[in-house]
Every structure is written in structure tokens, then in C-alpha cells.
Amino acid sequence: MAVRVVVGTQWGDEGKGKYIDMLAGDSDIVVRFSGGNNAGHTIVADGVKYALHLIPSGILHKGKTCIIGNGVVVDPSVLLQEIEELNGKGISTDGLLISDRAHLIMPYHKLLDELQENFRGSSNIGTTKRGIGPAYMDKTERSGIRMCDLMEKETFIQKVKSNLEVKNLIIEKVYGGKGFNPEEIISEYLGYAEKLRKYVTDASVVLFDAIEAGKNVLFEGAQAAFLDLDFGTYPYVTSSNPIAGGVCTGSGIGPVYIDEVFGVLKAYTSRVGAGPFPTEQNNEIGDTIRELGWEYGTTTGRPRRCGWLDTVMIKYAARINGLTGLAINHVDTIGKLDKIKLCTAYKKDGKIITYFPSSLNELAKCEPIYEEFDNWNIDISGVRSYEELPANAKKYLKRIEELTGVKVKLIGVGKEREQTIKV
Ligand code: GDP
Ligand code: IMO
Ligand code: MG
């Protein structure tokens with residue numbers, strides 16, 4: 001029996017989906033525990049590309065139970081569309097379960113996300129505008145609507161009506177927007193309720209029973225350490241806890257059950273949306289990385305900001321997640337650059353530091369210190385063993401292990417499920 005967790009160590013899009021799909025092969029249950037359809041996880045299996053936003057990336061393997069945990073905020077229209085798309089590609093969603101405690105993303109959350117971002121003007125966060133922040137705000141404000149409420153017609157109607165009394169005032173009086181008609185939302189969502197009913201259950205019970213029975217469970221992280229509400233580059237973060245600690249609160253299991261925590265990173269760094277990024281290369285190098293790695297958002301299509309790998313960040317992510325192994329992607333991509341730089345520390349106020357500051361003003365003073373590596377400008381996409389990797393690639397990977405204190409266990413050399421080296 002093994003309970004494994006896969007989390008992002010940077011600002012998302014590290015290639016978590018690819019490893020979750022791979023590790024799902026020998027898992028019985030795959031669980032999403034945080035975020036919503038702000039996530040975009042790409043999987044390329046047998047030459048077919050899938051982009052999953054809500055449904056766990058284990059769904060491509062037959063016979064797996066895939067749970068959307070209570071920590072996830074669910075937009076039912078997006079979920080139903082994803083189910084339809086998968087079914088259309090011949091993928092069964094019979095193994096899907098949704099926690100009855102998961103909160104719903106409502107139409108007013110999506111509008112408020114947009115209105116708030118517009119209101120922030122030049123200091124906007126660059127959210128995905130999927131209603132994620134406003135849905136989590138309602139959860140903590142205790143006015144959220146859960147899956148179990150959607151399953152009870154009268155409760156749902158009453159909650160939509162009482163919420164809209166306040167939401168419409170905010171939308172109209174504060175932001176000058178157009179409010180919602182409760183009847184329209186009610187009829188739309190009650191339609192979703194009937195389609196989703198067969199999936200909705202107390203998922204934490206299913207999970208507990210599976211763990212007790214010795215099944216293999218895999219937790220699928222969305223977002224990443226530096227987008228974490230508590231430990232990320234606040235306020236340029238998402239509104240949930242995507243770190244390993246979020247597994248327990250987002251699915252309903254105790255921490256004692258977790259055996260392994262994989263931290264996924266790219267051999268460089270990317271970020272989509274606003275906020276600090278110490279090793280960003282807003283220049284030809286960044287442009288080259290973006291084109292070589294095809295760094296365009298899976299969810300919004302936005303070009304991703306690109307820069308060098310920052311081991312100060314990975315060391316921090318290792319600490320707050322309790323990482324037991326690194327899974328590093330795009331080793332094929334980075335090897336194509338003329339010279340490769342690796343950030344080993346920061347220089348701040350004349351001192352060398354290896355911690356990641358909490359204050360964004362302090363972070364702005366940090367100047368990355370780099371070590372330079374020679375490239376391995378040969379095609380490694382067909383390499384399947386560590387020994388076969390070029391010496392320069394091994395040197396780069398070893399140095400990452402030394403600086404972060406965590407062993408590299410998986411190496412990505414391409415988009416496909418099989419383009420992975422197990423160390
Ligand atoms: P996630 O959100 O962490 O699942 O990552 P995304 O799917 O948003 O972004 C990762 C991108 O990198 C996708 O386009 C993947 O197909 C691609 N990818 C993942 N691993 C590798 C790799 O090792 N090499 C290359 N060239 N592409 C990769
Ligand atoms: P995956 O799971 C990359 C970013 C947004 C924005 C910030 C807040 O694919 O790695 P939100 O809509 O969550 O309120 O936006 O967080 N963001 C992501 N960036 N990958 C993601 O998910 C992200 N999910 C949110 O771009 O900067
Ligand atoms: Mg992504």
C-alpha cells in the first residue's frame with residue numbers, strides 16, 4: 001500500500017499532469033484536493049493530447065476511482081463539459097466521485113472575479129477569471145453553496161436567493177455591473193444537479209475505506225507552492241492551499257497516511273499571471289525558452305513568463321511540502337540552450353541568502369546568484385535510463401540535488417507519458 005502526493009514546486013504548470021497520469025497506472029484511487037478549473041493539466045498518451053481542468057488525471061486509465069475532493073471548488077458547467085469531452089474520446093468517467101462537501105463556483109463568482117480584477121487595474125493578480133477567489137471567499141465567509149446543498153432542491157433555492165440579495169448589491173452598487181436573476185441560476189443549476197447526482201458522495205469515507213483496505217492512493221496537486229495562499233508570493237497567489245498540507249484538509253485523511261511526496265519542477269521556471277519572479281528572463285533567453293518549451297497556458301492560452309531554475313525556491317518548496325523526491329521536467333528543453341544558468345542563492349543588502357523572503361519588498365531586493373552549465377545539445381527525448389543521459393545533463397541534475405537536499409527520482413525528456421526516466 002502506498003499513499004503518494006504530487007505537488008508543484010514553482011508557479012504551476014511544471015508538468016504535474018504527466019506524472020500523475022504515469023503514477024496513476026499503479027494506483028487504485030486518484031484524488032484532486034485543491035483549486036478548481038484554474039488548473040490545466042496536459043497529458044499526452046499514445047499521441048493524443050488531453051487537457052484536464054477538474055477531473056483527476058488518473059481518468060485516462062481504465063477502472064480507477066477518481067475523486068474530486070472537498071477542497072476543490074467545482075464549476076458544474078465546466079465539469080459536465082469535461083465529462084462529455086472525455087466520453088467523446090472514448091474515456092469512461094464511471095469511476096468519478098465528487099465530494100458532497102466540495103463548494104460550487106456560481107455565475108456570480110465568475111463575474112466578481114472579473115470585476116475585482118478590473119477594479120485592481122494595474123495591480124491586478126492576473127487570475128484565470130474562473131471565479132476561484134470569490135468561491136473560496138464565500139467558503140471562508142460561510143456563505144458558500146456545497147454539492148450536498150445542490151442535491152437538496154429547497155436548500156439550494158433558498159441559498160441562491162439569500163446569496164444573491166448581497167451579491168447583486170455588491171455587483172451593482174460597488175462595481176456598477178449587472179446583477180443576476182435568481183430564477184435563471186436556479187433552473188440552470190438544478191439541471192446540473194440531476195446530471196451530477198450519481199457522482200456525489202461522502203468521498204472521505206470512500207478514501208478512508210480504501211486506505212484501510214491497503215489500496216494505492218495518489219493525490220493530484222494543482223497549482224504550486226509559490227501560488228499557495230499562505231506560502232506563495234502573496235497576494236500574487238491563488239486562494240487555496242496547493243501544498244502537501246492541503247491534502248488532509250482537502251480530502252479528509254490524516255497526515256499519518258502519507259508515504260511519499262513528489263515535487264514537480266521544470267528544469268527552468270515559468271509563471272503565468274502577475275507577481276515577482278527573481279530569475280525571470282524578460283529578454284531573448286526567456287523568449288527562446290518559451291518557444292523551445294512551448295510555454296503557453298493550458299487554461300487561458302496566455303504566454304508564460306520564463307526564466308532560469310531557482311533552487312532557493314525549490315529548497316523552500318521541499319521544506320514546506322516535506323518532499324521525498326523531485327520529478328524534473330523539460331530536461332530535453334533546457335539542454336538546447338547555448339549556456340544554462342542555475343540560481344543557487346540570492347544577494348540581498350550585500351549578504352548572500354538562501355531563504356525565500358516573505359516580504360515582496362525584500363524579495364525585490366534579491367539579486368539571483370548563478371552558476372553556469374554547459375548544454376547537452378543533443379536529442380535526449382528517446383533516453384529512458386539515467387546512465388544514458390549526457391554527462392552535462394547529469395552534472396546539472398546532481399547540482400540541483402545538492403542544492404535542494406532532495407533526490408531526483410523522475411526525469412522528463414518529452415511530453416509523452418513514456419518520455420520519463422525513473423532513477
Ligand atoms: P501541469 O499544470 O503541472 O500539469 O503542467 P501543464 O500541463 O500546464 O504544462 C506542462 C507542459 O509541459 C505541457 O505542455 C506538457 O505537455 C509539457 N511537458 C511536460 N513534461 C515535459 C518534458 O519533460 N519535456 C517537454 N518538452 N515537455 C513537457
Ligand atoms: P496548474 O494546476 C499556473 C495563477 C493565475 C494567477 C494566480 C491566481 O495548471 O499548475 P486564480 O484564478 O487561481 O485566482 O489565479 O494563480 N494560477 C496558475 N498558474 N498554473 C496553474 O495551475 C494555476 N492556477 C492558478 O495565473 O496568477
Ligand atoms: Mg497547468
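## A tour from helix 2 to ligand 2

Begin by selecting helix 2, residues 76-88, whose 13 residues reach 18 Å from the first C-alpha to the last, close to the 18 Å expected at 1.5 Å a residue. Keep in mind, as you rotate the view, that this is a predicted model.

Next, show the side chains of Pro76, Val78, Leu79, Leu80, Glu82, Ile83 and Leu86, which are the buried residues in this helix. An α-helix has 3.6 residues a turn, so residues three or four places apart point the same way. To see what covers the buried residues of helix 2, add strand 4 (48-52), strand 5 (65-68) and strand 6 (73-74), and then strand 7 (96-99), strand 8 (103-104) and helix 7 (182-196), all of which are included in that cover. Before leaving this region, pick Gly90, which follows helix 2 and has a positive phi, near 85°.

Now move to ligand 2 and display the 20 residues that surround it, of which Asp13, Lys16, His41, Thr128 and Thr238 are the closest. Coloured by residue class, this shell divides into 7 nonpolar, 10 polar and 3 charged residues.

Finally, look at individual oxygen atoms of ligand 2, starting with one that lies 2.9 Å from a polar backbone atom of Gly40. At Val272, a polar backbone atom is 3.0 Å from an oxygen atom of the ligand, while at Arg302 the partner is an N or O atom in the side chain, again 3.0 Å from a ligand oxygen. If you then hide the protein, ligand 2 taken alone exposes 550 Å², and the protein, once restored, buries 98% of that area.

Note on methods:
Residues are numbered from 1 along each chain as its sequence is written. Chains are lettered from A and ligands numbered from 1 in the order in which they are written. This is a predicted model: local features need pLDDT of at least 70, side-chain atom pairs count only at pLDDT 80 or more; totals for chains, interfaces and linings use all residues. Side-chain values use heavy atoms; hydrogens and water are left out. A residue is near a molecule or strand if one of its heavy atoms lies within 4 Å of it. A polar contact is a pair of N or O atoms within 3.5 Å; within protein, one must be able to donate a hydrogen and the other to accept it, and residues adjacent in sequence count only if both atoms are side-chain atoms. Accessible areas come from the Shrake-Rupley method with a 1.4 Å probe; for residues, only the protein chains shown count as cover. Ala, Val, Leu, Ile, Met, Phe, Trp, Tyr, Cys and Pro count as nonpolar, Asp, Glu, Lys and Arg as charged, and the others, Gly among them, as polar. Helices (H or I, at least four residues) and strands (E, at least two) are DSSP runs, numbered from the N terminus. The expected span of a helix is 1.5 Å times one less than its number of residues. Buried means under 20% relative accessible area, exposed over 50%, partly exposed in between (1.4 Å probe, protein chains only). Contact means heavy atoms within 4.5 Å.
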